[in-house]
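Please open the model in your viewer and keep the selection panel at hand. The tour below proceeds by successive selections.

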Amino acid sequence: MSRLLSKEKRHSQICLQKIPVSFIICCCCILSSVTNMKWFYQHEQLRRIHSTGNLLTTINSSISQEEESIEEHMESSNPITVTTPAAANTTVTTTTSHDQRRACHVVIVNVPDFHHEVIESTALRFPLPFHKFNCTTSKPIIFDFILYNNWFGILDIRAATRGKPKYLNESEFWDWNTYYESYLQYKVFDRMDGTKVFFNRVLKVSDLDENDGIDARIDATCDINRMFIRKMIKDDRLFCVLHGKCDRCKELHHERSCYITPMWPKEQCTFMTIDLPKFNESELVSTNSSGSMKICVFGSNRNHTMLSNLFAQVPYQKYNATFHVGARVTRTLSQVYEASGVDMSKVHIVSEKRYREYYRNVARCNIYLPATEPTEKPSHFPTGIRKLTGSIPQVIAYKLPSVMHMELEKIYHEHLVGPVEVYYDTFESKVKALTRMMDRVSALATET
């Protein structure tokens, strides 16, 4: 039997030797092509099913990979610290969800090189109709971000500074991204609606596919993005953060747009952008404060002639008060304050562009002056376009004692949690209001 087998084996080898090598290669190519065609046909069938279905029900493989990555991050950081917008120091331990549906996926877009302080609150507070999405809220909602870096050097995009940055690391996006990677990325936080948010990645536009199972896209500065507003009419996945009155987007106000001030009817969606960098007590101890009372005015386009005269008239020597003036452009401010006769050793003019460090300077203030008044900035009041003044979220977030115009206090009365003194249109009332607050802060410091 073994001889017969060996003979048959020799016969097959001889036959193979007679077959040309080119013919064998050709057969292999045909077999490979058939296999590839079969795979391509299956893939094409799946693609057609995905593309013809509603985009909201699309479950792309990239989402599965995203969820696997998120689960790995969750497993590697158990328990996860969850910070609620209402109580920044609350911690809870997350539990594993048994819901087999995919996690909801939201993308926040911010085209210009400003309004980065709005992004965190948008993720935590913007109300979304998750009941309409084909996803589960029992899992943390995945939030990705498409920001200024995508358009830097390509399009003529507005920047925060008067002169556009020559390099990306000179932009305000750059330092916000550093803050994001250090304090938010791959962490879970409570949203105001009871769901949870997972801060995922800052993406490039090329990383995002329209078929990636995205449930919602929120533009954090959509009132300057006319293209986005036009698209909103046709795509009900698009949502909008409005910073002021927007005549060309009236039809979008009630359903998929939110304002960031309370100066709107009750039925209109609004939220406050008060989710700013958090600090522990040791981070707020100033090494060069010398026990002084720190009075702050931060922001652009303030009336520094009036403010310098105000500082000169209050009893700053009595309370060892120092005045901290912050703006993006500060080159002429020293001259303005010197002209008022105020002791310049008590005046600190700063231009802090680092995102978290800027807010640490704010959080250290003992008294804060928004310096926003109806006669000088009517756009920030109900008679104007009802824009938010950036100082108000800071006063609310850090519970700062503040001195502000009576009309400004009326708008945000329900949100202000720190002590407030108000003034009217006269300069004399401003001096009296700031002096009263200095008395109150001094008394509180004495009690503690």
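Begin by selecting Ile295 and Ile367: Ile367, in strand S11, is the bridge partner of Ile295. The model in view is a predicted one.

Extend the second selection to the whole of S11, residues 367-368. This strand runs parallel to S8 and is joined to S8 by two bridges.

Next, select S8 itself, residues 293-298. Are its residues buried or exposed? Six of the six are buried, so the strand is largely enclosed by the rest of the structure. Display the side chains of S8: Met293, Ile295 and Val297 point one way, whereas Lys294, Cys296 and Phe298 point the other way. In a regular strand, side chains alternate between the two faces of the sheet. Here the residues pointing in either direction are buried, Lys294 among them.

Now add strand S9, residues 321-326. S8 and S9 pair in the parallel sense, over six bridges. To locate one of the pairings, select Met293 and Ala321, its bridge partner in S9.

Which element joins S8 and S9 in a β-α-β unit? Select helix H8, residues 304-313: together with the two strands, this helix makes a unit of right-handed sense.

Finally, return to the full chain, which has 13 helices and 13 strands. Of its 448 residues, 46% count as buried. Among contacts with a separation of 6 or more, 67% are between residues 24 or more positions apart. A surface display completes the tour: the accessible surface comes to about 24400 Å², and carbon and sulfur atoms account for 52% of this area.

Terms used: Residues are numbered from 1 along each chain as its sequence is written. This is a predicted model: local features need pLDDT of at least 70, side-chain atom pairs count only at pLDDT 80 or more; totals for chains, interfaces and linings use all residues. Side-chain values use heavy atoms; hydrogens and water are left out. Buried means under 20% relative accessible area, exposed over 50%, partly exposed in between (1.4 Å probe, protein chains only). Helices (H or I, at least four residues) and strands (E, at least two) are DSSP runs, numbered from the N terminus. Two strands pair if DSSP finds at least two bridges between them. A crossover is right-handed if, with the strands pointing away from the viewer, the path from the first strand over the helix to the second runs clockwise. Contact means heavy atoms within 4.5 Å. Accessible areas come from the Shrake-Rupley method with a 1.4 Å probe; for residues, only the protein chains shown count as cover.
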